[in-house]
There are 2 protein chains.
Amino acid sequence: MQRVTNCILVVDQQILMLKKPRRNWYVAPGGKMEQGEHIKESVKREFKEETGLTLIDPKINGIFTFIIRDEEKVVQEWMLFTFYCENYEGKQLDFCREGELEWVSIEEAVLKPMAEGDRKIFEHAIKSDEILYGTFTYTSDYNLLAASLDPR
Amino acid sequence: MQRVTNCILVVDQQILMLKKPRRNWYVAPGGKMEQGEHIKESVKREFKEETGLTLIDPKINGIFTFIIRDEEKVVQEWMLFTFYCENYEGKQLDFCREGELEWVSIEEAVLKPMAEGDRKIFEHAIKSDEILYGTFTYTSDYNLLAASLDPR
């Protein structure tokens, strides 16, 4: 099962986002866990690889199950661990091979094109440090079919 | 990948533990996640199935990667999500098919026979509500080879 960690880094009311080339959708930087990593190691490694920045004291903010459905059939299940962080060290990369890095104001961030479930994850992270648990069900074209969230 | 959720329920300085028949090792009640569940749904379902009790407001306390090694080879990797809870409702089952349910004082709980990594998980949960991240590496006979924990 694929497991992904990412981090919403907020500094001076701006979020460091990554615009992915495929659909021009915005995401929080991150990526796939490697064998034997725990989730905090993973998010620090992935964030540094994509941005050049070392996260200082990231906190888990959301733990999610993703289901991809093709008609009635579940074709994929994976997990996402989203951290929130307000401090970093290091110098930002000029070039990220995964897409374009962009600091976006909090107000604009939640209006950017993105997967609909990701919008709920950003909205929660910005307003709460309570951990959000949830399952998102998508089509294989990434249309959100259902979201079951706790707290709602 | 197997994913397991469990919960350390502490009421009146006692922990509800499950003594498993195979090695007489003690564990926190819980079990395998089902397709499409998020981790909080999973722990509430599993805990109720094993104990009869409905957890009220369980909080995540630890997120762990487990690696099982046979000599140099990684033969299994799975994840454990451990919750901590102080409130429940419902009536405890007289019989649990997974083993024997037993309320154990906090002081005795950490001295019971159990996997060595589980002891670290119990010790942390009892003393801290900070989330513990870690990777435990075991032999296939469940001898602990290494533990990488954050915070240490």
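Helix H3 of chain A, in this predicted model, covers residues 116-127. At 1.5 Å a residue its 12 residues should span 16 Å, and because the end C-alpha atoms are 17 Å apart, the expected and the computed lengths agree. The counterpart in chain B, H3(B), also has 12 residues and reaches 17 Å from its first C-alpha to its last, close to the 16 Å expected at 1.5 Å a residue.

Which residues of H3(A) are buried? They are Gly117(A), Asp118(A), Arg119(A), Ile121(A), Phe122(A), His124(A) and Ala125(A), and in H3(B) the buried residues are Gly117(B), Asp118(B), Arg119(B), Ile121(B), Phe122(B), His124(B) and Ala125(B). An α-helix has 3.6 residues a turn, so residues three or four places apart point the same way.

One residue of H3(B), Arg119(B), is also touched by a residue of the loop that comes before the helix. Lys112(B) is found in the loop between helix H2 (106-109) and helix H3 (116-127) of chain B. Is this lysine, Lys112(B), buried or exposed? Its relative accessible area is 18%, and since buried means under 20%, Lys112(B) counts as buried. Leaving out residues up to four places away in sequence, Lys112(B) touches Tyr26(B), Glu102(B), Val104(B) and Arg119(B).

Another loop residue of chain B, Leu53(B), is found between helix H1 (39-51) and strand S5 (54-56), and with a relative accessible area of 1% it is buried. Beyond its neighbours within four places in sequence, Leu53(B) is in contact with Leu9(B), Leu16(B), Phe47(B), Lys48(B), Tyr88(B), Glu89(B), Gly90(B), Lys91(B) and Gln92(B). With Gln92(B), which is 39 residues apart from Leu53(B) along the chain, the C-alpha separation is 5.8 Å.

Tyr88(B), one of the contacts of Leu53(B), leads on to the aromatic residues. Over all chains the count comes to 15 aromatic pairs. In one of them, Tyr88(B) and Trp103(B) lie 6.4 Å apart centre to centre, with 35 degrees between the planes, and so the pair is classed as tilted. This pair links distant parts of the chain, with Tyr88(B) in strand S8 (residues 87-89) and Trp103(B) in strand S9 (residues 100-105) of chain B, 15 residues apart. Tyr88(B) is partly exposed, with a relative accessible area of 33%, and Trp103(B) is partly exposed as well, at 27%. A further tilted pair is formed by Tyr138(B) and Tyr142(B), at 4.8 Å centre to centre and 35 degrees between the planes. Tyr138(B) is buried, with a relative accessible area of 0%, whereas Tyr142(B), at 25% relative accessibility, counts as partly exposed.

In chain A, Tyr138(A) and Tyr142(A) belong to one aromatic cluster together with Phe64(A), Phe66(A), Trp78(A) and Phe136(A). Turning to chain B, Phe64(B) lies in strand S6 (residues 59-70) and is buried, with a relative accessible area of 1%. Residues up to four places away in sequence aside, Phe64(B) touches Trp78(B), Met79(B), Leu80(B), Thr82(B), Ile121(B), Leu132(B), Tyr133(B), Gly134(B), Phe136(B) and Leu149(B); among these, Ile121(B) is one of the buried residues of H3(B). Phe64(B) and Leu16(B), by contrast, are 48 residues apart in sequence and 21 Å apart in space, C-alpha to C-alpha.

Rings also meet charged side chains in this model. Arg23(A) lies over the face of Trp25(A), at 4.7 Å from the ring centre, and Arg23(B) lies over the face of Trp25(B), again at 4.7 Å from the ring centre.

How is chain A related to chain B? A rotation of 180 degrees, with 0.0 Å of shift along its axis, superposes chain A on chain B with an RMSD of 0.0 Å, which is the relation of a two-fold axis. The C-alpha of chain A nearest this axis is that of Met1(A), 2.6 Å from it. Both copies use the same surface, in that 100% of the contact residues of chain A recur in chain B.

The nonpolar core includes residues from both chains. The largest such core has 43 residues, and those with the most contacts inside it are Ile39(A), Ile60(A), Ile63(A), Phe81(A), Ile39(B), Ile60(B) and Phe81(B). Residues up to four places away in sequence not counted, Ile39(A) touches Thr5(A), Met33(A), Ile60(A), Phe81(A) and Phe83(A) in chain A, and Ile63(B), Met79(B) and Tyr133(B) in chain B. Of these, Met79(B) and Tyr133(B) are also touched by Phe64(B).

Note on methods:
Residues are numbered from 1 along each chain as its sequence is written. Chains are lettered from A and ligands numbered from 1 in the order in which they are written. This is a predicted model: local features need pLDDT of at least 70, side-chain atom pairs count only at pLDDT 80 or more; totals for chains, interfaces and linings use all residues. Side-chain values use heavy atoms; hydrogens and water are left out. A nonpolar core is a set of buried Ala, Val, Leu, Ile, Met, Phe, Trp, Tyr and Cys residues joined through side-chain atoms within 4.5 Å. Buried means under 20% relative accessible area, exposed over 50%, partly exposed in between (1.4 Å probe, protein chains only). Contact means heavy atoms within 4.5 Å. Rings of Phe, Tyr and Trp (its six-membered ring) pair if their centres lie within 6.5 Å; planes under 30 degrees apart count as stacked, over 60 as edge-to-face and the rest as tilted. Helices (H or I, at least four residues) and strands (E, at least two) are DSSP runs, numbered from the N terminus. A charge sits over a ring if NZ of Lys or CZ of Arg is within 6 Å of the ring centre and within 35 degrees of the ring normal. Copies are superposed by least squares on the C-alpha atoms of residues with pLDDT of at least 70 in both. The expected span of a helix is 1.5 Å times one less than its number of residues.
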